[in-house]
Amino acid sequence: MPHKRKIVIDMLSHATSAPAQGVGSAYLEQKALIEDFGMDDFEVMVNQSTKKADIVHVHSVNPGFYFKMNKKTLSVCYVHFLPETLKGSIRLPRPIFSLFCRYVVSFYKRAKKLVVVNPCFIAPLKKLGIQEENITYIPNFVDERLFHQVTYERKFALRKLYDIPEDRFVVIGVGQVQTRKGVLDFLHVAEENPDIFFLWLGGFSFKAITDGYAELKKEMEKKRENVRFVGIVKREKMPDYYALSDLFFLPSFNELFPMSLLEACSVGIPYLVRDLDLYRPILLGDYFKAADVSSFSKTIRELSKDKEKYSEGLDLSKRIREKYCRKNVYRLWKQYYLGLVAK
């Protein structure tokens, strides 16, 4: 019986060039997924010659990748953001920002196929003139070998290691420090709850062009007894901070499918997010959500004191962890890649 030829995938990415981005984490996770589970079916290259590849999978919208998506290549582009989701992330002069948005749209249209991480972004892509038959939804996921639950004893050992109060309810927020992430609301909630300790992991990945940079930098530098901005943390250290925390809180105004939420669920802590339509198709029914600072504060206080409500939060987190595990998501990618080549 002849040996089956592996499908060659050239992954084009500079998503890790700026530190601490969810796009970079998603790229690393997806690359490792195919290498770990698909060794019998796929061969993965990174930023190599697309002439040798059966599939060119583009993970970031770098100009150098634009012309590698041509009529001769079977190109797949990962959609991690839309032009409207850039608002609140970076601040550029209006003509430059408009030009960049048009470039992103052109980039997506140039690809033969698109993969979105949230089904609610299919409709906006259709409005941009992309045919629905060329768009596929495959969710994000995280590596449960890195992000996993720890014992009660380990939790408090980590608090001691990182100098986190052992006797406080600890709330963690994760993401780039930018307006879109709701950092100011995070701080307002902290001010309303002085008995609860708040951590924010992340920094100014895009430095001075970050939207709200001056105001956010000023707020970060204010002395607050119950708030700590940890800064950009290496990925291998991230599980420690989730594990020592009691609740993941993301007051972001716009997301696709946040990797940080999946990481928190994988470690086994409850989560609280802003009440946004985009979460409804991916968070599997009911979940803890709120609309403003006062309702965020109320929910956090309830979770810190009500054991039954907190236990409900643990169950909601477990449901996400089991649904978006690596094996389940790999089956979707395998089916998708094989289907592309077969056609």
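I looked up Asp286 in this predicted model and found a relative accessible area of 47%, so I entered Asp286 as partly exposed, since the exposed class begins only over 50%. Its partner in a salt bridge is Lys289, with the closest N and O atoms 3.9 Å apart, which falls within the 4 Å limit that I apply to such pairs. Lys289 has a relative accessible area of 33% and therefore also counts as partly exposed. I noted besides that salt bridges with shared partners join Asp36, Asp143, Arg145 and Arg326 into one network.

I then went through other charged pairs, the structure holding 26 salt bridges. One of them links the side chains of Lys217 and Glu221, at 2.8 Å from N to O. Lys217 is partly exposed at 34% relative accessibility, while Glu221 is exposed, its relative accessible area being 56%.

Where do Lys155 and Asp246 lie, given that their side chains meet in a salt bridge of 3.5 Å, N to O? I placed Lys155 in helix 5 and Asp246 in the loop between helix 8 and strand 10, so the pair ties together parts that stand 91 residues apart in sequence. Both residues of this pair are buried.

That led me to helix 5, residues 152-161, in which Lys155, Leu158 and Arg159 are buried. Viewed down the helix axis, the buried residues fall within an arc of 105 degrees, and so they line one face of helix 5. I recalled that an α-helix has 3.6 residues a turn, so residues three or four places apart point the same way. On the other side of helix 5 I found Glu153, Lys160 and Leu161 exposed. The buried residues of the helix pack against strand 7 (170-174) and helix 8 (238-244), and just after the helix Asp163 takes a positive phi of about 60 degrees.

From strand 7 I moved to the sheet, an open one of six strands in the order 9-8-7-10-11-12, with parallel pairing. Strand 9 (227-231) and strand 12 (289-290) stand at its edges with a single partner strand each, so one side of each has no neighbour in the sheet. Strand 7 and strand 10 (residues 247-250) run parallel and are joined by two bridges; in strand 10, Phe248 is the bridge partner of Ile172.

Which residues does Phe248 touch, if I leave out those up to four places away in sequence? The contacts include Ile172, Val174, Tyr242, Leu261, Ile269 and Tyr271. In the largest nonpolar core, which has 88 residues, Phe248 is among those that touch the most other members, together with Ile34, Tyr108, Tyr242 and Trp333. Apart from that core lies another, of 26 residues, including Val177, Leu187, Ala290 and Leu316.

My last entry concerns strand 3 (residues 55-58), where I asked which residues cover each face. Ile55 and His57 lie on one side and Val56 and Val58 on the other, and these four are all buried, which leaves both faces covered. Strand 1 (residues 7-12) runs parallel to strand 3 and is joined to it by four bridges, and Val56 is the bridge partner of Asp10. Strand 4 (residues 75-79) also runs parallel to strand 3, through three bridges, with Ser75 as the bridge partner of Val56 in strand 4.

How values were computed:
Residues numbered from 1 in each chain as written. Predicted model: local features only at pLDDT ≥ 70, side-chain atom pairs only at ≥ 80, totals over all residues. Heavy atoms only, no water. Buried < 20%, exposed > 50% of the residue type's maximum accessible area, 1.4 Å probe, protein only. Arc of directions from axis to C-beta. Contact = heavy atoms within 4.5 Å. Core = buried A, V, L, I, M, F, W, Y, C linked by side-chain atoms within 4.5 Å. Pairing = 2+ DSSP bridges.
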